[in-house]
Amino acid sequence: MEGTGQVATNAEASLPRRPRTLTPDDYVTGVLGGNSGVLARAITLVESSSRIHEAQAQEVLQRLLPHTGKSRRIGITGVPGVGKSTFIEAFGCFLVEAGHKVAVLTIDPSSARSHGSILGDKTRMERLSCHPNAYIRPTAAGGTLGGVARRTRETMLLCEAAGYDIVLLESVGVGQSEIALRSMVDFLLLLLLPGAGDELQGIKKGIVEIADAVLINKADGDNLLKAQQARAEQESALHYTQPATPGWNRTVALASALTGEGIPALWDAIQRFYRELEPRGTITRRRQQQLLEWLSDLVQDELHRLFFQNARVRAQLPVLQEALLSGEITAVRAARELLALGMPADNLTGTET
Ligand SMILES: Nc1nc2c(ncn2[C@@H]2O[C@H](COP(=O)(O)OP(=O)(O)OP(=O)(O)O)[C@@H](O)[C@H]2O)c(=O)[nH]1
Ligand SMILES: [Mg+2]
């Protein structure tokens, strides 16, 4: 350091140029200290499919667990093009300006969404992505919905431990990923387009029923009248369905992600949701239910994986499939034979329920 005019502290001098391997202690301290570089590396760790990384990630998560659960977990969904990214930019900026720390995560199991879209998001979330109190992390590409959902849940826990008090979870498209999204958020917001057909927007698939609020986006310019009509239609349609959250009267509102209009009113509604339902224990119960479902899903996924990895099952599966298709065996008998091959006999008792 001589002659450079800088005196390195002991800590600095010990830091190598390349990012060194972090220990679980480093991860825990860095995440709790709100260090976004360490947070990003902790997320990469939980995303890894290596067994060694999994053990490390679980140690880190276990130690961070007491510092999790304190955020507002808000899901956002709607068909491609409805304006989710534009909305998250506007809503996220509104929240950070009000003093919140906001993490934005996505659940996106489709490999179809390439870097192009994520780059598009970077330009659509330009202001938010530069804000020191915002953290935006797209889903790591690939994998099954179960795998993606698990990584998103764990990423959410890391963000909570890092002090983000609002987590915005976006799911792309309309379908199975909405169900996964519902299973990890407190409040689910559905964005709709004014004047687009119901079919197109997943309304027939029951997505409206699982939402806590419907926001007709792009209620600006020439669209305003159509948006008001859409709101009236949605309001009357909601009368015929059960609320997604017991005790909560769903709201249908108008917004323009482009101008920011309608966003403060939406935030008021979300705050009212927590104010009314938290004291009744509704949010806690929902989260407990979600944890139990998650446990059950993890066990099922792993059993499924182990079962079909079994050499005897793999050898016999095509034989039994052929016998089934040629009418030589019933489906139930074929299943019983496979299960007998894939599990120790003791485990099969008790399946006769
Ligand atoms: N007029 C108007 N246009 C909007 C509004 N919100 C979004 N848009 C436009 O709609 C288009 C799609 O917006 P995005 O935010 O990319 O939509 P998205 O839902 O994220 O789309 P995907 O990422 O493909 O799922 C963009 O051209 C936006 O500028 C709005 O409130 N009003
Ligand atoms: Mg988008």
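## Ligand shell, a helix pair and a buried glutamate

The residues of the shell around ligand 1 divide into five nonpolar, eight polar and four charged, where Ala, Val, Leu, Ile, Met, Phe, Trp, Tyr, Cys and Pro count as nonpolar, Asp, Glu, Lys and Arg as charged, and the others, Gly among them, as polar. This is a predicted model, in which local features need pLDDT of at least 70 and side-chain atom pairs count only at pLDDT 80 or more, while totals for chains, interfaces and linings use all residues. Residues are numbered from 1 along each chain as its sequence is written, and chains are lettered from A and ligands numbered from 1 in the order in which they are written.

**Surroundings of ligand 1**

- Of the 17 residues around ligand 1, those that come nearest are P80, G83, K84, S85 and T86, a residue being near a molecule if its C-beta atom, placed from the backbone, lies within 6 Å of it.
- Helices α5 (84-97) and α6 (115-124) each supply at least two residues of this shell, and α5 gives the most, with three residues.

**The chain as a whole**

- The protein chain comes to 15 helices and seven strands, which are DSSP runs numbered from the N terminus (H or I and at least four residues for helices, E and at least two for strands).
- Of its 353 residues, 33% count as buried, that is, with 20 or more other C-beta atoms within 10 Å of their own, whereas 12 or fewer make a residue exposed and counts in between partly exposed, with C-beta atoms placed from the backbone.
- Among contacts with a separation of 6 or more, 74% join residues 24 or more positions apart, two residues being in contact if their C-beta atoms, placed from the backbone, lie within 7 Å.

**Helices α2 and α4**

- The axes of α2 (residues 24-32) and α4 (residues 51-64) come within 9 Å and cross at roughly 40°, with axes fitted to C-alpha atoms over the stretch in contact and angles running from 0 to 180 degrees between N-to-C directions.
- On the α2 side P24, Y27, V28 and V31 take part in the contact, and they meet Q56, E59, V60, R63 and L64 of α4; the residues of this contact divide into six nonpolar, one polar and two charged.

**Residue E178**

- E178 lies in helix α9 (residues 176-182) and counts as buried because it has 24 C-beta neighbours inside 10 Å.
- Leaving aside residues up to four places away in sequence, E178 touches T77, S171, I207 and I210.
- The C-alpha atoms of E178 and A211 are separated by 9.7 Å, although the two residues are 33 residues apart along the chain.
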